[in-house]
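Biologist: Could you walk me through how to read a model like this one? I'd like to go feature by feature.

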Amino acid sequence: MSTPLPDLLAPDGALQVQRIPRPRTRGRARNLRIWLPACFLVLLAAACFGWPLVYPVPKPTGGSILNSGLPPLSPGHIFGTDPVGNDIFSRILHGGQVSFEVGFGVTAIGLVVGGLLGMAAGYWGGIADAIIMRVLDVLIAFPALVLALAIAEGLGPSELHVIWALSFFSVPAFGRIARGGTIALRGQTFMLAARLSGTKGWRIISRHVIPNIAPQLMTFSLLGVGVAMILEGALSFLGLGIPLPEASWGSMIAYGQQTISASPDLVLIPSAFLFATVVSLNVLGDALRERWGVR
Amino acid sequence: MAVAEELRPGAHTTLTRRVARSPGARLAARRLLAAIPVLWGVTLLTYVVMNLLPGDAAQELLGANATPAEVHQLEIQLHLNEPFWVRYGHWLGGLFHGDLGTSLASGQNVTTILGERLPVTGELLIYAFVASIALAVGLAVLAARKPNGLADRFSITVSMTGLSVAPYVLALILIYLFAVRLRWFPAIGYTALTQDPGANLRSLTLPAAAIGFPLFSVYTRLLRADIVEQMQREDYIVTARAKGMKPWRILLRHALPNSLFGLITLVGLNLGTLVGAVAIIEPIFSLPGVGAILIQSINNHDVPVVEGIVVVFAVVVVLANLLTDLLYAVLDPRITYDEHSAS
């Protein structure tokens with residue numbers, strides 16, 4: 001036992017629990033956990049969306065078969081080319097656009113639709129709550145991938161349809177969190193005061209509920225973006241994601257799978273980008289959660 | 001009701017009666033009854049979703065070159081021309097007799113298909129679960145022993161990696177490293193357990209790692225955070241310390257059992273989401289489990305096979321969550337699930 005017994009007793013006689021040493025990362029280092037991933041994400045997004053506009057890169061599609069299968073660091077093709085001769089660097093940039101759009105699109109739909117449904121269910125309760133939550137429960141209990149697959153299959157492969165299909169993952173998840181947060185707030189004194197002073201329901205939600213559950217929803221959103229990016233690739237693996245010749249990081253990995261033993265770069269390069277992005281999102285989400293005291 | 005039973009002549013407490021009246025059995029019965037509408041909803045939703053897809057199985061099976069007459073004939077043969085409710089009613093009626101119908105694509109009995117493929121998926125999932133839980137408990141205890149120590153930093157890094165890596169990326173990297181380069185494990189294929197237990201385990205190790213590593217990361221993170229929090233603020237930990245108990249013993253005997261509750265809940269919840277992981281990982285390793293046939297059947301609009309797989313997984317999820325609740329009662333005697341005493 002490291003702490004001698006008398007130390008457990010504070011001067012006023014109250015029991016004090018041995019405190020865990022604070023992490024050595026304090027002050028600036030702690031800020032670094034927020035700024036480093038945030039800057040990386042902003043730079044990466046700027047590169048994906050801006051680079052092709054200001055700096056000429058080869059087209060991501062319609063490459064010449066004569067250039068097929070070049071190794072990385074070939075002249076003019078920094079990451080090499082894929083089996084049909086498309087420049088991989090260019091496909092990474094354009095695929096990044098698609099990945100970011102899918103990730104943020106799916107999360108935005110979940111945040112708005114799921115968040116509003118969850119808050120309404122949590123705030124008013126009653127029959128609306130019962131109906132909304134049962135529907136969300138069924139969506140959560142049902143293997144969502146089957147639903148997403150069926151929707152992607154029914155609508156046909158395209159980026160927008162992938163976003164719709166993946167929203168069936170994000171809406172119920174956000175709905176649950178928003179509802180839980182709202183119910184926890186409902187008993188608070190300031191909520192009661194607002195209600196007693198005759199404030200309308202939607203005004204209470206927009207002025208009191210949203211600001212209070214925003215940190216929770218925001219940190220969860222960051223995780224959600226990463227999950228959506230990964231799931232988009234999963235749909236590509238099943239042949240229902242972003243259709244060729246378009247690219248996304250996930251679909252590049254899925255198509256690279258076929259030639260993994262001959263040219264692993266086709267899998268490793270987009271995987272590295274996907275992994276770095278999702279790690280950044282998760283670290284950023286964790287750091288913000290810590291700073292905002294979200295449990 | 002209970003009174004009526006007491007008054008019944010000749011009623012004496014036999015073992016079966018005692019089991020039947022135990023809170024656990026009552027809970028199980030109640031939960032199983034409550035699960036029936038949920039399961040029914042899942043089968044209906046599957047039928048509706050599969051029915052909303054454009055085209056039908058006859059068209060998918062015959063391909064784009066089939067004439068309308070051919071398609072129509074196959075539709076009649078497969079009873080696809082009957083209204084939706086009639087088909088669903090037939091299927092549901094069969095379910096009560098334990099008959100899951102026949103595959104539209106192969107004409108095989110769905111029960112037979114599941115009987116062949118479920119053991120593979122089951123073994124894979126059990127392997128992944130047992131390995132990830134065992135490793136997670138070990139690492140979390142090591143990490144929580146000294147927060148911010150070396151083991152703790154390692155656990156945080158590893159679990160962050162596992163949370164961020166896509167399972168299919170992990171699978172491909174594992175194949176490239178351990179199958180293509182090092183040749184320690186077979187890249188694809190499956191050897192039955194009865195054929196050669198060693199080869200069976202080897203053929204399942206990489207897919208189990210791809211499914212299990214993300215689970216392991218989630219569990220480690222949760223368990224570590226929970227144990228650290230308990231060690232920090234719970235009174236019984238202070239008591240144990242005050243009476244001079246060894247730190248390791250406090251950790252293993254007091255903190256860990258309490259922290260296992262959160263882990264058990266999470267494991268129960270995770271089971272349902274694993275259908276997706278199985279559907280992606282199994283085809284990558286060419287495992288003859290339910291994952292591959294699920295995707296194929298969705299593409300073929302083979303409703304009975306999709307239904308069969310969805311129902312089996314839904315039943316497993318319901319049973320797993322029930323088991324979780326019963327385990328709670330075993331682990332914590334204060335939880336009784338008695339509706340009369342609940343305030």
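Modeller: Sure, and keep in mind that this is a predicted model. Let's start with one residue and its neighbours. Setting aside residues up to four places away in sequence, A:Ala148 touches A:Ala165, A:Leu166, A:Phe168, A:Phe169 and A:Leu235.

Biologist: Which core residues touch the most other members?

Modeller: The general idea first: in soluble globular proteins, nonpolar side chains tend to be buried together. Here the largest nonpolar core has 145 residues, and A:Ala148, A:Leu166 and B:Tyr168 touch the most other members. Helix α7 of chain A, residues 201-237, supplies the largest share of this core, with 16 residues.

Biologist: Let's zoom out to the chains. How many helices and strands are there in chain A?

Modeller: Chain A has 9 helices and 0 strands, so its element string reads α-α-α-α-α-α-α-α-α from the N terminus on. Of its 295 residues, 44% are buried. For contacts in chain A with a separation of 6 or more, 68% come from residues 24 or more positions apart.

Biologist: And how many helices does chain B have?

Modeller: Chain B has 14 helices, again with 0 strands. Buried residues account for 33% of its 343 residues. Take the contacts in chain B between residues at least 6 apart in sequence: 70% of them join residues at least 24 apart.

Biologist: Now the helix pairs. How do I read α7 against α8 in chain B?

Modeller: Two packed helices are described by the angle between their axes and the distance between the axes. In chain B, the axes of α7 (residues 110-145) and α8 (residues 150-164) come within 7 Å and cross at roughly 135°. That angle makes α7(B) oblique to α8(B), because it lies outside the parallel, antiparallel and perpendicular ranges. As for handedness, α7(B) passes α8(B) in a left-handed crossing.

Biologist: Which residues meet there?

Modeller: From α7(B) you get B:Leu139, B:Ala140, B:Leu142 and B:Ala143, and they meet B:Ala151, B:Asp152 and B:Ser155 in α8(B). By class, this contact of α7(B) with α8(B) has 5 nonpolar, 1 polar and 1 charged residue.

Biologist: What about the place where the two chains touch?

Modeller: The size of an interface is often given as the accessible area lost when the parts come together. For this model we can count residues instead: 42 residues of chain B are in contact with 39 residues of chain A. Several elements of chain B give two or more residues to that side, including α3 (23-52), α10 (197-233) and α12 (247-284). The most comes from α3(B), with 7 residues.

Biologist: How does the chain B side of that contact divide by class?

Modeller: The side of chain B that touches chain A has 32 nonpolar, 8 polar and 2 charged residues.

Biologist: One last residue. Where does B:Ala187 lie?

Modeller: B:Ala187 is in the loop between α9 and α10 of chain B. To judge burial, count neighbours: B:Ala187 has 18 other C-beta atoms within 10 Å, so it is partly exposed. A buried residue would need 20 or more.

Biologist: And which residues is B:Ala187 in contact with?

Modeller: Leaving out neighbours within four places in sequence, B:Ala187 is in contact with B:Ile175, B:Ala179 and B:Val180. You can also check a pair by distance: B:Ala187 and B:Ala171 are 16 residues apart in sequence, and their C-alpha atoms are 9.9 Å apart in space.

How values were computed
Residues are numbered from 1 along each chain as its sequence is written. Chains are lettered from A and ligands numbered from 1 in the order in which they are written. This is a predicted model: local features need pLDDT of at least 70, side-chain atom pairs count only at pLDDT 80 or more; totals for chains, interfaces and linings use all residues. Axes are lines fitted to C-alpha atoms, for helices over the stretch in contact, and angles run from 0 to 180 degrees between N-to-C directions. Helices (H or I, at least four residues) and strands (E, at least two) are DSSP runs, numbered from the N terminus. Angles under 35 degrees count as roughly parallel, over 145 as roughly antiparallel, 65 to 115 as roughly perpendicular and the rest as oblique. A crossing is left-handed if the near helix is turned anticlockwise from the far one by less than a right angle, and right-handed if clockwise. Two residues are in contact if their C-beta atoms, placed from the backbone, lie within 7 Å. Ala, Val, Leu, Ile, Met, Phe, Trp, Tyr, Cys and Pro count as nonpolar, Asp, Glu, Lys and Arg as charged, and the others, Gly among them, as polar. A nonpolar core is a set of buried Ala, Val, Leu, Ile, Met, Phe, Trp, Tyr and Cys residues joined through C-beta atoms within 7 Å. A residue is buried if 20 or more other C-beta atoms lie within 10 Å of its own, exposed if 12 or fewer, and partly exposed in between; C-beta atoms are placed from the backbone.
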